[in-house]
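Here are a few exercises to work through with the model open in your viewer. Try each one before reading its solution.

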Amino acid sequence: VAVVDAAESTRILFSDEGDVTRLTVKRTRLGSGLFGNSVTRLNITDSSLAGNGYGEGIELFDAVNVTISDTVVTDGGRGLRFLDSSDIVVSSSRISGNIQGIDFERSRNVTVSGNVIERNGRGTGGIRHGVLVSVSDSVELVANEILNNTRGVVLGNSPNVTVSGNLIRDNGEGVYATDYD
């Protein structure tokens, strides 16, 4: 079990591939807890990222073949952020109390299932949400509990999105579709 308690902007960087199990990252404040660029295979399981202030819990750019499961991401900027990524699975995790929950931007082949996504959207301004799917393709949101977020699910310019079997309740707006990028 690795524990990282960072007072400022420490972040754990990934490139290429790897497996992360039972990692705890807390209080990075400004940076991402876990950051990856051009990752080709990454599995994150049974981990916790908490109190990352305005930084992301996990932030991945240009990532392929990523699985995040049984992981808790709380009290950060964006809980999870994927940009220009593909073949992503997020399952059996809790994403809560972040400014924004999970973001998929210009990503494809994504499955989000069996998660609790709650109480995201703290603060003011911008689009605050549980799940954002923006300019992405082939995304499945299945069997999640999406609760008490400013907006539950935000869909923007994204074809082939499936939202099925979720409990979407007590959000400011449940599912919000827009044509913004």
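**Exercise 1.** Are Phe82 and Phe104 buried or exposed? Work out, too, how their rings are arranged.

*Solution.* Keep in mind that this is a predicted model. Start with the surroundings: both Phe82 and Phe104 are buried. Before turning to their rings, take stock of the aromatic pairs: the structure holds two of them. In one, the ring centres of Phe35 and Phe61 sit 5.5 Å apart with the planes at 80 degrees, so that pair is edge-to-face. In the other, the rings of Phe82 and Phe104 have centres 5.1 Å apart and planes at 10 degrees, so the pair is stacked. The cut-offs behind those labels are under 30 degrees for stacked and over 60 for edge-to-face. Last step, the strands: Phe82 belongs to β9 (residues 78–83) and Phe104 to β12 (residues 100–105), so the pair ties together parts 22 residues apart in sequence.

**Exercise 2.** Why does Phe35 count as buried? Then find where Phe35 and its partner Phe61 sit in the chain.

*Solution.* The relative accessible area of Phe35 is 14%. Buried means under 20%, so Phe35 qualifies. For the edge-to-face pair of Phe35 and Phe61, look up the strands: Phe35 is in β4, while Phe61 is in β6 (residues 58–61). They are 26 residues apart, and the pair links distant parts of the chain.

**Exercise 3.** Which backbone oxygen lies 2.9 Å from a polar atom of the Ser47 side chain? Describe the setting of Ser47 as well.

*Solution.* First place Ser47: look in the loop between β4 (34–45) and β5 (48–50). Next, check accessibility: at 5% relative accessible area, Ser47 is buried. Now for the oxygen, which belongs to Thr45. Finally, leaving out residues up to four places away in sequence, Ser47 touches Val20, Thr21, Arg22, Leu23, Asp70, Thr71 and Val72.

**Exercise 4.** Is Ser138 buried, exposed or partly exposed? List what Ser138 touches.

*Solution.* Ser138 sits in strand β16 (residues 137–142). Its relative accessibility is 29%, so Ser138 goes down as partly exposed. Skipping residues up to four places away in sequence, the contacts of Ser138 are Arg108, Asn109, Val110, Pro159 and Asn160. To finish, try a C-alpha distance: Ser138 and Thr162 are 24 residues apart along the chain, and their C-alpha atoms are separated by 7.8 Å.

**Exercise 5.** Which residue lies over the face of Tyr176?

*Solution.* Go to the Tyr176 ring and look over its face: there you'll find Arg151, at 3.8 Å from the ring centre.

Note on methods:
Residues numbered from 1 in each chain as written. Predicted model: local features only at pLDDT ≥ 70, side-chain atom pairs only at ≥ 80, totals over all residues. Heavy atoms only, no water. Helix = DSSP H or I, 4+ residues; strand = E, 2+ residues; numbered from the N terminus. Buried < 20%, exposed > 50% of the residue type's maximum accessible area, 1.4 Å probe, protein only. Contact = heavy atoms within 4.5 Å. Polar contact = N/O pair within 3.5 Å; in protein donor to acceptor, adjacent residues only side chain to side chain. Phe/Tyr/Trp six-rings, centres within 6.5 Å; stacked < 30°, edge-to-face > 60°. Lys NZ or Arg CZ within 6 Å of the ring centre and 35° of its normal.
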